[in-house]
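Dear colleague,

Please find below the structure that I am handing over to you. I would be grateful if you could look through it alongside the notes that come after it.

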Amino acid sequence: MIHGVINVYKEKGFTSHDVVARMRGITRQKKIGHTGTLDPDAEGVLPVCMGKATRLCDMLTDKDKTYEAVLLLGTETDTQDTSGVILAGKDTSHLTEETVRRAVLSFTGEYEQTPPMYSAVKVNGRKLYELAREGKVVERSARKVRIHEIRILAVDLPRVRMEIHCSKGTYIRTLCHDIGQSLGCGGCMEQLFRTRAGRFEIAESLRLSEIEKKRDDGTLMEAVVPVDEMFPDYRKIVADEKQEPLAYNGNTFPHRVSQDTGGGLADGEKVRVYDREGNFIAVYEYRSAEDNFRVKKMFFDRNSK
């Protein structure tokens, strides 16, 4: 079984679940998950976790992301993108580039965003898109998201091409909708391209056909990022004879000064813990008050040691 992450280029027309299904067929293993849904019409980076790396899915979903998007002003749809049913069309001839630029950039920073009805957010145990397909619209609580930066790449009204660096949970469709609302003409997303998700960049992503070819060539592992390499900034700790059995079971174990590298450990500092044979066990956190390590995320599996 493969344990690690592959940077997949999701092509237009595939759902994120389609990519996972294809990856199961290519790698011939079932334990696979993705790290953040991309709409079928969207393209770009979709990190796919395999084997023990599936325990990373929630951690990777939390990472910041970067997108290129095209905002189409003057059109509102039920899905907030051009794949949906048009709800309203308004004139945009009065808009100036300066006005539009000012409105777009005003969304930089933290703002309250209401998830769209066509989304996987759950309300009372049901996904919003399931309710939307039944013709239902329900109240949704706004959530704080952060737009770290918006770069306007081109303005050709009624279209605006922009690059958005944002926090987890940000819906670019909704951002486009909200910009349109602020201008009084409505708007929706025409194109979406994810260029980065956490450490994964578009330049290093592979299409499914390329991954399949690597499998056939016997070079697939070249594309796999090992689980422990997902934590490059964490210091490495090798458990000793007494610590090892405790770490294998995810138990707290005492710190010893000889393990420190490059200075003492800070309270709350996370480390990568390995056994004496070099097998990655888990991510642990140092607690200075107790002078010990507490497990944060286990990855060890005796059956795949």
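The notes below cover the chain as a whole and then two individual residues.

Please bear in mind that this is a predicted model. The protein chain contains seven helices and 19 strands. Its C-alpha trace spans about 75 × 50 × 40 Å along the principal axes. Of the 305 residues in the chain, 47% are buried. Among contacts with a separation of 6 or more, 66% join residues that are 24 or more positions apart.

As to the surface, the protein chain exposes about 15,200 Å², and carbon and sulfur atoms supply 46% of that area. There are 48 positive and 47 negative side chains, and the centres of these two sets lie 4 Å apart.

The first residue I wish to mention is Gly180, which belongs to helix H5 (residues 172-183). Gly180 counts as buried because its relative accessibility is 0%. Setting aside neighbours within four places in sequence, Gly180 is in contact with Leu73, Cys185, Gly186 and Gly187. Gly180 and Leu71 are separated by 109 residues in sequence, yet their C-alpha atoms are 8.6 Å apart in space.

The second residue is Gln29, located in the loop between helix H1 (16-27) and strand E2 (32-34). With a relative accessibility of 8%, under the 20% limit, Gln29 therefore also counts as buried. When residues up to four places away in sequence are not counted, Gln29 touches Met1, Ile2, Arg24, Met50 and Gly51.

Yours sincerely

Technical notes
Residues numbered from 1 in each chain as written. Predicted model: local features only at pLDDT ≥ 70, side-chain atom pairs only at ≥ 80, totals over all residues. Heavy atoms only, no water. Helix = DSSP H or I, 4+ residues; strand = E, 2+ residues; numbered from the N terminus. Buried < 20%, exposed > 50% of the residue type's maximum accessible area, 1.4 Å probe, protein only. Contact = heavy atoms within 4.5 Å. Areas by Shrake-Rupley, 256 points an atom, 1.4 Å probe, with all protein chains shown as cover. Lys, Arg positive; Asp, Glu negative; His and termini not counted. Charge placed at Lys NZ, Arg CZ, Asp CG, Glu CD.
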